[in-house]
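Here's a walk through the model on screen, going from one residue in the core out to the surface. Keep the viewer open as you read.

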Amino acid sequence: MSKIKGPSRLWVSDIFWPMNNAIYTQMKSEKRLTVVNFFDEGIVLYWVEQMRLVRFVREFIKFAILSVKMKRKFSIPNKAPFYGNDRNGEVLALHPMLVRAEKTVKPIRVDLGFIKAFDYFLDQNVFQDDFVMLNNARAPALVISQPHYRVTSEDNFRLLVRSLSDHLRANGYTELFVKLHPSENDDFFKYYYEPLGYKKVFQGSLSPLEAKLSGLLNKNIILVSCNSSVLLNARSFGFKGAVISYGLDWLAKVYPFDSGFLGKQSRLFRLNDADVVLSDSSQSTF
C-alpha cells in the first residue's frame, strides 16, 4: 500500500482471495481507488460468474471471521462478483463466449511468440529433456495434478488417482506423466503417483503449464486433469492433442452443496473442446 501514491486502478483476478480483497477495501476507504478491473486467472471467472445463495453466505461468513481475526476491513463480493462491485471496471477474459454478454468483458488475445519468450525468461529452457521425453513417447498421457486431497481423505484421493490411471491404460495410454501442482513435492509424488508408474515432468517450473503447451508437438499426447483451468485454456495456448476432464462426478460428491457443479463444469469444458469422462466406470467413455 505504501507504493500507491494517489488515485489508481487496481487489477486483480478476483476479490475472493483475502489479500486482493484487503487491498481493494483499503484503497476504497482511503479514496485511492478509481476502478477495479479483473483479469482471467482461470476457471473461477466462469464458474462463479453469479454466486448462488450458499456461496454468498459462505463468503459473508468468511470475511466476517477474517475481519475479526486479522483486525482489518474486508468487502463482501457482489453476487455478480466480477461485474457488480463498487467501482467495478473491465473484465478481461480468455473465453468471453463463456461469460454473460456484458459490455465490460473484453477478450484477451494470446500471442504465442510472446508466451514462448515469457516461458524462456522464467525457465531458461531447463526442461528440454521433458519436452523430448513427452514428444517421443508412443502413447503418452500428461496428467495435471490438483491438490484435491486437501478436501477429502488420502484414501479417497488415492482411489481417484488409481481410477484415472487404470482408465488411461485401458484406453491405450501406457506412458503416464504428471505435472505436479506447485504446492506438491517429491514426497507427494512418491506417495500417490510413483507406485502407479508415473514420471514427473516440468517439476519446479516457474511458468504456468499453459506457457509450455505449444511445445508439446506430438498429437498423440493427451492432457488430463479433473477441473484444472489448463483444460479450459489448452486450445488458446496451441495444444493440439486431446483434452480430457476426468472425475468431475468424484469431485461433485466432495462438494455436495454445489448442486449444479457437475453440469456446469461439464458444459464449460465441452464448449472449449475438452471431453468429460466420469470416474464411475458405468458412465465413463472417451
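Two residues are in contact here when they have heavy atoms within 4.5 Å of each other. Keep in mind as well that this is a predicted model.

**Starting at Val224**

With that cut-off in hand, which residues is Val224 in contact with, leaving aside its neighbours within four places in sequence? The list runs Leu142, Val143, Ile144, Leu164, Leu168, Leu231, Ile244 and Tyr246. Val224 itself lies in strand E8. Buried means under 20% relative accessible area, and Val224 has a relative accessible area of 1%, so it counts as buried. For a sense of distance, take Ser13: Val224 and Ser13 are 211 residues apart in sequence, and their C-alpha atoms are 24 Å apart in space.

**The sheet around it**

Strand E8 is part of an open sheet of 6 strands. Reading across, the order is E7-E6-E5-E8-E9-E10, and the pairing is parallel. Strand E7 (199–200) and strand E10 (275–277) stand at the edges; each has a single partner strand, so one side of each is left without a neighbour in the sheet.

Zoom in on the E10 edge. Strand E9 (residues 243–246) runs parallel to E10, and 3 bridges join the two. Tyr246, one of the contacts of Val224, has Val277 in E10 as its bridge partner.

Now bring in helix H6 (residues 154–170). This helix lies across strand E5 (140–144), strand E6 (175–179), strand E8 (222–225), E9 and E10. Relative to E9, helix H6 runs at about 140°.

Just past E9 in the sequence sits Asp249, in helix H9 (residues 248–254). Is Asp249 buried or exposed? At 10% relative accessibility, Asp249 counts as buried. Beyond its neighbours within four places in sequence, Asp249 is in contact with Leu262, Leu278, Ser279 and Asp280. The C-alpha atoms of Asp249 and Cys226 are 9.4 Å apart, with their positions 23 residues apart in sequence.

**E1 and E2**

Another parallel pair is made by strand E1 (residues 8–12) and E2, over 5 bridges. Ser8 stands opposite Leu33 in E2. Of the 7 residues of strand E2 (residues 33–39), 5 are buried, so this strand is largely enclosed by the rest of the structure.

**Salt bridges**

How many salt bridges does a search of the whole structure find? The count is 11, and the table gives some of them.

| Side-chain pair | N to O distance |
|---|---|
| Arg87 and Asp86 | 3.8 Å |
| Lys212 and Asp119 | 2.8 Å |
| Asp273 and Arg235 | 2.7 Å |

Take the pair of Lys212 and Asp119, whose side chains meet at 2.8 Å. Lys212 lies in the loop between E7 and E8 and Asp119 in helix H4 (residues 112–123), so the pair ties together parts that are 93 residues apart in sequence. How well covered are the two? Lys212 counts as buried at 3% relative accessibility, and Asp119 counts as buried too, at 9%.

Next come Asp273 and Arg235, which meet at 2.7 Å. Asp273 is in the loop between helix H10 (261–271) and E10, while Arg235 is in the loop between helix H8 (229–233) and E9, so this pair ties together parts that are 38 residues apart in sequence. Asp273 counts as partly exposed at 46% relative accessibility, as does Arg235 at 30%.

The Arg87 and Asp86 bridge has company: Lys28, Asp86 and Arg87 are linked in a network of salt bridges. Arg87 counts as partly exposed at 32% relative accessibility, and Asp86 counts as partly exposed at 40%.

**A nonpolar patch on the outside**

Finish at the surface. Which residues form a nonpolar patch there? They are Leu53, Val57, Phe60, Ile61, Ile65 and Ile76, and together they have about 540 Å² of accessible area. Ile65 has its place in helix H3 (residues 53–70). At 47% relative accessibility, Ile65 counts as partly exposed.

Definitions and conventions
Residues are numbered from 1 along each chain as its sequence is written. This is a predicted model: local features need pLDDT of at least 70, side-chain atom pairs count only at pLDDT 80 or more; totals for chains, interfaces and linings use all residues. Side-chain values use heavy atoms; hydrogens and water are left out. Patches are made of residues with over 30% relative accessible area and no salt bridge: like charges are joined within 9 Å, nonpolar side chains (Val, Leu, Ile, Met, Phe, Trp, Tyr) within 5 Å. Accessible areas come from the Shrake-Rupley method with a 1.4 Å probe; for residues, only the protein chains shown count as cover. A salt bridge is a side-chain nitrogen of Lys or Arg within 4 Å of a carboxyl oxygen of Asp or Glu. Helices (H or I, at least four residues) and strands (E, at least two) are DSSP runs, numbered from the N terminus. Buried means under 20% relative accessible area, exposed over 50%, partly exposed in between (1.4 Å probe, protein chains only). Two strands pair if DSSP finds at least two bridges between them. Axes are lines fitted to C-alpha atoms, for helices over the stretch in contact, and angles run from 0 to 180 degrees between N-to-C directions.
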